[in-house]
Amino acid sequence: MATVFVVGAGPAGLFAAQKLALAGHEVMIFNRDVKPGGLAEYGIYPVKDKMKVGLRKQFAKVLGLPNVHYFGHVPVGTNSPVSIDTLGELKPAAMVFAVGAQGTKKLGLPGEDALGVYSAKDFVYYYNQLPPFASQDFSTGKRVAIVGMGNVMVDIARWLLLDDPTHNVEEIIVVARRGPLEAKFDDKEFEHIHMYLDRQAFRDELLRVQERMTAVGQDVSKIPQETFLCLAKHPEQRSVGPRLTFRFMNSPVAITAGADGRIARLTVAENILVNRDDSIAAKVTEKTTDLEVDTMIFAIGDMHDPSVGLPFGKEGYVTNPEPVDPKAGYEVFDPAFRKVSEGIFVVGWARKPSEGLVGIARHDGEVGAAHVAQYLRGMQPPRSASADDIARALAAKGIRFVSKSDLSLLARAEEREAQSRGVTYYKFSDDGVMLTKIEREKSASRKEATEKAPNSPVARYQEMAADKERAGKASEWSEGLIGDVSSQK
């Protein structure tokens, strides 16, 4: 059977690896992060423990397969010691890239480099404790603008309103390009924060945009039934704590920093709604408004990271444009040479950024893996590097990679840390700390093994002490017995 390299260990990569391994292939997983899981580990809301625990068990099952090998803490890209060409030198039969959409879309606004302006993806990584984001400055102030109106916005608002230990925020302003009927969040997610919605401010906002909604045939009375269901479910709800407000039909156009270099004002343009191709689109006008804010988080979608080194185009990584072949959408295509990059595939968000959640990513990984297996069928596989060969090659480059056995040691260290802190679960948020904890667990395991070895000095000493203790007890017993006999005479 063949050897396949999988780059990335999120749901798409891990389940692609599982399918290929169960087909009998040797699978080598290279992961940027120390721990596997990707967005399933570092993107799901922190308190959704049941979901995370279930996914961790599934991932452990994948990594438990004997023909799946793991190399964590090994980023692959043009700016890393390991590039795509480096991997190619190890002669895999195929490579599957499941690296997600790790690029950051820029707003393209004047002043966007001001302090306090963050992409939603980076901010989510920060509060989910992904290194190195966990140790970077993502400080928030009292008035936070969140640009976007989907589930990511809801998660960030939930963190700021409920779970952020600093509890700095006094008002969150959700800035949306379109109107309230175009909201994309799930009602079950919004239920976590609906009580913070300033109902009077929301009614005033609907009055402000009602005329523009009517102009495209929208009925403002449908909002409680179609998007903001909390208005119908909790009609008497009074807002509590920090305010959650909305600015519909606004597009950011400029950011102004204060004397301290931090965002102080967000300028937004008023939009009108237009019917376009059976959908509602926003059209920017010249009328602007200034919003006084000290933090801005933009949730405007994800993009691929060009530094990975895959052929890159306007839509991200380029795939085979062949419209008939079902595997074409998974094959990497080099537009410079107008041909398929032989044996290189993409799956999950590396194929379609922001396409679905864990279930969709898993399905896409498995479908992609099936196409890879078909590609390998009948092939005379090259003599690929073994797991030991790869370990030596990485060590020669000075890379401290993390293996499957290392992950078990890290899990043990995290369990101990959780117990010492009196919490259910704990995870370290610094790569250096994780590597150190692994080494300490290795040392402790070696010491324990040495002490238990039958011929070790420690083991012999312990056995001698035990023999002495047993001999002493026997002597006490015999003396007591003699005494009893003597007294009976």
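Me: What makes strand S6 count as largely enclosed by the rest of the structure?

Reply: In this predicted model, four of the five residues of S6 are buried, and the strand is therefore described as largely enclosed by the rest of the structure. Buried here stands for a relative accessible area under 20%.

Me: How do you know that S6 and strand S7 are paired, and in which sense?

Reply: Pairing requires at least two bridges between the strands. S6 and S7 (residues 171-175) have five bridges, in the parallel sense. Within this pairing, isoleucine 146 has valine 174 of S7 as its bridge partner.

Me: What makes the loop before S6 worth inspecting at proline 132 and glutamine 129?

Reply: Both residues lie in the loop between helix H5 and strand S6, proline 132 as well as glutamine 129. Most residues other than glycine have a negative phi, and most peptide bonds are trans. Against that background, the peptide bond from proline 131 to proline 132 is cis, with omega near 0°. Glutamine 129 is not a glycine, yet its phi is positive, at about 70°.

Me: Why is glutamine 129 called partly exposed, and why is aspartate 277 called exposed?

Reply: The partly exposed class lies between the limits of 20% and 50%. Glutamine 129 has a relative accessibility of 29%, so it belongs to that class. Aspartate 277 has 73% and therefore counts as exposed, the limit being over 50%. Aspartate 277 also has a positive phi, about 55°, although it is not a glycine. Its place is the loop between strand S10 (263-276) and strand S11 (279-292).

Me: How do you know that S10 and S11 are paired, and what is the sheet around them?

Reply: At least two bridges are needed for pairing, and S10 and S11 have 11, in the antiparallel sense. Isoleucine 272 stands opposite lysine 283 in S11. The open sheet has three strands in the order S9-S10-S11, with antiparallel pairing. Its edge strands are S9 (250-257) and S11, each of which pairs on one side only. On average, neighbouring strands of the sheet are turned by 20° against each other, direction ignored. Helix H8 (residues 199-214) lies across S9 and S10 and runs at about 30° to S10.

Me: How do you know that the span of helix H3 agrees with expectation?

Reply: The expected span is 1.5 Å times one less than the number of residues. For the 15 residues of H3 (residues 49-63) this gives 21 Å, and the end C-alpha atoms are 21 Å apart, so the two agree.

Me: Which residues of H3 are buried, and why are they placed on the same side?

Reply: The buried residues are Lys52, Leu55, Phe59, Val62 and Leu63. They cover an arc of only 90° around the axis, which means that they share one side of H3. An α-helix has 3.6 residues a turn, so residues three or four places apart point the same way. Lys50, Lys57 and Lys61 are exposed on the other side of H3. Among the elements covering the buried residues are helix H1 (11-22), strand S2 (26-30) and helix H13 (404-421).

Me: Why is serine 403 called buried, and what makes its link to serine 405 a polar contact?

Reply: Serine 403, in the loop between helix H12 (387-396) and H13, has a relative accessibility of 17% and therefore counts as buried, the limit being under 20%. Its side chain lies 3.0 Å from the side chain of serine 405 in a polar contact, for which the atoms must be within 3.5 Å.

Conventions. Residues are numbered from 1 along each chain as its sequence is written. This is a predicted model: local features need pLDDT of at least 70, side-chain atom pairs count only at pLDDT 80 or more; totals for chains, interfaces and linings use all residues. Side-chain values use heavy atoms; hydrogens and water are left out. Helices (H or I, at least four residues) and strands (E, at least two) are DSSP runs, numbered from the N terminus. Buried means under 20% relative accessible area, exposed over 50%, partly exposed in between (1.4 Å probe, protein chains only). The arc is that of the directions from the helix axis to the C-beta atoms. Contact means heavy atoms within 4.5 Å. Axes are lines fitted to C-alpha atoms, for helices over the stretch in contact, and angles run from 0 to 180 degrees between N-to-C directions. A polar contact is a pair of N or O atoms within 3.5 Å; within protein, one must be able to donate a hydrogen and the other to accept it, and residues adjacent in sequence count only if both atoms are side-chain atoms.
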